[in-house]
Amino acid sequence: MPARRWWSVVASYVTLTAGAVLFAFPFAYMVVASLQRTKDATLSGTVPRPSNMALDNYRAIDQAVDLAGSLLNSFVVTGGVVGCTLLLGSVAGYALAVLRWRGRGSLFALVLLVQAVPFQLLMVPLYVLTVRTFGLADTYLGMILPFAVNSTAVLIFRSYFLQLPPELFHAARIDGASELRILRSIALPLVRPALLTATLVTFIGPWNEFLWPFLVTKKQSMQPLAVALANYIDNAAATAANPFGVALAGAVVLSLPAVALFVAFQRHFTSADLGSGVKG
């Protein structure tokens with residue numbers, strides 16, 4: 001290997017390693033600080049010291065919050081949102097990308113416009129509609145319904161479907177396949193990265209959301225983990241031996257599923273050969 005190329009490879013690895021360490025440092029510090037018996041917010045506190053490490057902060061949270069029940073609530077709400085988003089987002093993305101119908105451009109512009117409207121601006125009318133009009137207070141459906149359609153997922157599916165060769169759809173229609181059969185059997189298997197990306201993007205929002213579930217239900221038995229941890233940290237964490245560690249322990253518990261999901265999916269975020277189904 002030429003010397004210049006060797007130095008280029010070494011410089012690339014050093015740069016990437018430094019970037020990875022810089023990126024991972026806050027997460028590593030969060031985990032270490034969540035295990036500390038006594039708060040150590042200095043730079044030396046990032047180094048684990050066995051004499052100051054224990055699971056006391058996690059036990060404090062487990063005693064004050066029903067972790068198992070809250071986690072189950074979070075998975076129910078988030079799973080419902082992700083399922084609705086993948087179903088509705090794929091259908092809408094397919095219609096905007098593949099089908100030809102009047103008003104398609106105007107509807108796509110409306111989808112882009114929705115991206116510019118913050119959810120907080122819609123929270124009051126959504127609350128009135130969900131709780132007072134539909135009577136969905138203290139229900140899982142009331143926590144799922146406002147997030148059931150994610151415009152970002154629609155855009156993700158549309159962009160991937162636009163990359164598929166039109167000849168695939170023409171051939172399927174000639175063979176008598178319906179549009180739903182084409183979507184299920186041809187389009188979706190070819191855009192697996194879109195499914196995984198939409199799943200991850202959709203998962204993060206409802207999993208970390210605490211304001212909307214708090215408004216919809218006041219029952220502790222139905223509150224997701226984010227709501228239960230927020231209530232505990234705001235009201236009772238100060239009485240713990242290490243409030244700082246308790247807060248970070250809650251952050252670790254809340255972030256672990258999202259991190260695990262990303263680690264499980266990240267190797268599948270690769271582009272497929274979308275033209276492999278067309279001869280010539």
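R173 is partly exposed, since its relative accessible area is 31%, and "partly exposed" sits between buried, under 20% relative accessible area, and exposed, over 50%, with a 1.4 Å probe and protein chains only. Its side chain meets that of E179 in a salt bridge, 2.7 Å from N to O. By salt bridge I mean a side-chain nitrogen of Lys or Arg within 4 Å of a carboxyl oxygen of Asp or Glu. E179 is partly exposed too, with a relative accessible area of 28%.

Before I go on, a word on the model: it is a predicted one, where local features need pLDDT of at least 70, side-chain atom pairs count only at pLDDT 80 or more, and totals for chains, interfaces and linings use all residues. Residues are numbered from 1 along each chain as its sequence is written, and side-chain values use heavy atoms, with hydrogens and water left out.

Back to the charges. How many salt bridges does the structure hold? There are three. As general background, side chains of opposite charge can pair when their charged atoms come close. R37 pairs with D56, and their closest N and O atoms are 3.7 Å apart. That pair links distant parts of the chain: R37 is in the loop between helix 1 (3–34) and helix 2, while D56 is in helix 2, 19 residues away. When I say helix, I mean a DSSP run of H or I with at least four residues, numbered from the N terminus (strands are E runs of at least two).

D56 also forms a salt bridge with R59, this time with 3.0 Å between the closest N and O atoms. R59 and D56 both lie in helix 2, three residues apart, or about one turn of the helix. Shared partners join R37, D56 and R59 into one network. For relative accessibility, R37 comes in at 41% and counts as partly exposed, D56 is partly exposed at 38%, and R59 is partly exposed at 46%.

Now, helix 13. Does its length come out bent or straight on paper? Its 23 residues, 243–265, should span 33 Å at 1.5 Å a residue, and the end C-alpha atoms are 34 Å apart, which agrees. The expected span is 1.5 Å times one less than the number of residues. Let me put my question better: where in helix 13 does a kink lie? A kink of about 35° lies at S255, shortly before the proline P257. The bend at a residue is the angle between axes fitted to the seven residues ending there and the seven starting there.

Helix 13 has many buried residues, including G245, V246, L248, V252, L254, P257 and F265. A247 lies in helix 13 as well, but it is partly exposed, with a relative accessible area of 27%. A247 and V10 are 237 residues apart in sequence and 40 Å apart in space, C-alpha to C-alpha.

That brings me to the cores. A nonpolar core here is a set of buried Ala, Val, Leu, Ile, Met, Phe, Trp, Tyr and Cys residues joined through side-chain atoms within 4.5 Å. In the largest one, with 22 residues, the members touching the most others are I61, F203, L225, Y232, V246 and L254. Helix 2 (56–64), helix 3 (67–97), helix 10 (192–208), helix 12 (225–235) and helix 13 each give two or more residues to this core. Helix 13 provides the largest share, seven residues. Another core, of 16 residues, lies apart from it, and its members include Y94, L164, A172 and A198.

On the outside, which residues make a nonpolar surface patch of about 440 Å²? They are W101, L107, L110, L113 and V114. Patches use residues with over 30% relative accessible area and no salt bridge; nonpolar side chains (Val, Leu, Ile, Met, Phe, Trp, Tyr) are joined within 5 Å, and like charges within 9 Å. The areas come from the Shrake-Rupley method with a 1.4 Å probe, and for residues only the protein chains shown count as cover. L110, one of the patch members, lies in helix 4 (residues 104–115) and counts as partly exposed at 46% relative accessibility.

Two last stops. D138 has a positive phi of about 60° although it is not a glycine. For context, most residues other than glycine have a negative phi. D138 lies in the loop between helix 5 (119–133) and helix 6 (140–144), and it is partly exposed, with a relative accessible area of 31%.

Then there is L168, placed in helix 8 (residues 166–174). Is L168 buried or partly exposed? At 15% relative accessibility, L168 counts as buried. L168 and V191 are 23 residues apart in sequence and 13 Å apart in space, C-alpha to C-alpha.
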